[in-house]
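Subject: Structure for you to look at

Hi,

Here is the structure I promised to pass on. Have a look when you get a moment, and my notes are below it.

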Amino acid sequence: MNNLISNFTSMDGRLNRQPWWIGVIILIIVGLIVSWILGLIFGTGVMMNPATLTDPAALSGYVQKAGWVGLITGIILAYPYLAITVKRRHDRNNNGYDAMGLIGLNIVWQLLTALGVLSALSGIGQAISVIIGIYAIYILVVVGFLKGTAGPNQYGPDPLGG
């Protein structure tokens, strides 16, 4: 259990794929719970009122509230996600700045949506969402599916002991 907690609290060392996936599953569950609670607070709830879809002003307001839910959830989960993902990047002999960039972009995007500066419904908003989505897929493939560096590297010993 101590090792599981330290995976979420430190960016030092290396982490192989299995503990990374376990950490991601835990963060997904926590994220769903936090988003559900915040959705109740902000009035976005589990299901959207169908009348919202036909009223552009109501839909824009709903998207803005959902932006706040996403922003707060993202900020809460940013550090634990970065801790496991940077350590996973260390296992691949990389500094992890690309994972930090993804989180930074996502938080800025959520902030712009929450403030109503950009709408996820606009063409620009959709393009930004696609770019962030492609970047997220790249990170997922690199950290979730590719093997780490065999043997020790500059970030520490091989977590698999090889």
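What follows is a short account of the helix packing and the main pocket.

Before anything else, please keep in mind that this is a predicted model.

**Helices α2 and α4**

I began with helix α2 (residues 17–42) and helix α4 (residues 56–91), whose axes come within 9 Å and cross at roughly 165 degrees. That angle makes α2 roughly antiparallel to α4, and the crossing of the two is right-handed. On the α2 side, the residues in contact include R17, W20, L27, V34, L38 and F42. On the α4 side, the partners include K65, W68, I72, I76, Y81, I84 and R88. Sorted by class, the residues of the contact of α2 with α4 comprise 15 nonpolar, six polar and three charged.

**Helices α4 and α5**

The next pair is α4 with α5 (97–114). The axes of α4 and α5 come within 8 Å and cross at roughly 175 degrees, so these two helices are roughly antiparallel to each other. The contact of α4 with α5 has 16 nonpolar residues, seven polar and two charged.

**Helices α5 and α6**

From α5 we can step on to α6 (123–144). With their axes 10 Å apart, α5 and α6 pack at an angle of about 155 degrees, and they are therefore roughly antiparallel to each other. The crossing of α5 and α6 is left-handed. From α5, the contact is made by D98, A99, G101, L102, L105, N106 and W109. From α6, it is made by G125, I128, S129, I132, Y135, A136, Y138 and I139. By class, the contact of α5 with α6 contains ten nonpolar, four polar and one charged residues.

**The largest pocket**

Which residues lie nearest the centre of the largest pocket? They are L77, Y81, L102, I103 and N106, out of 20 residues that line the pocket. The volume of the largest pocket is about 580 Å³. The elements giving two or more residues to its lining are α2, α4, α5 and α6, and α4 gives the most, with six residues. The lining has 15 nonpolar and five polar residues, and no charged ones.

Several of these residues turn up twice. Both L77 and Y81 of α4 also belong to the contact with α2, while L102 and N106 of α5 also take part in the contact with α6.

Happy to talk it through whenever suits you.

Best wishes

Conventions:
Residues are numbered from 1 along each chain as its sequence is written. This is a predicted model: local features need pLDDT of at least 70, side-chain atom pairs count only at pLDDT 80 or more; totals for chains, interfaces and linings use all residues. Side-chain values use heavy atoms; hydrogens and water are left out. Axes are lines fitted to C-alpha atoms, for helices over the stretch in contact, and angles run from 0 to 180 degrees between N-to-C directions. Helices (H or I, at least four residues) and strands (E, at least two) are DSSP runs, numbered from the N terminus. Angles under 35 degrees count as roughly parallel, over 145 as roughly antiparallel, 65 to 115 as roughly perpendicular and the rest as oblique. A crossing is left-handed if the near helix is turned anticlockwise from the far one by less than a right angle, and right-handed if clockwise. Contact means heavy atoms within 4.5 Å. Ala, Val, Leu, Ile, Met, Phe, Trp, Tyr, Cys and Pro count as nonpolar, Asp, Glu, Lys and Arg as charged, and the others, Gly among them, as polar. On a 1 Å grid over the protein atoms alone, a cavity is a set of points where a 1.4 Å probe fits but cannot get out, and a pocket is an open set with protein on both sides within 12 Å along at least five of seven lines; lining residues have an atom within 4 Å of a point. Grid points are joined across faces, edges and corners, and a volume is the space filled by probe spheres set on the points.
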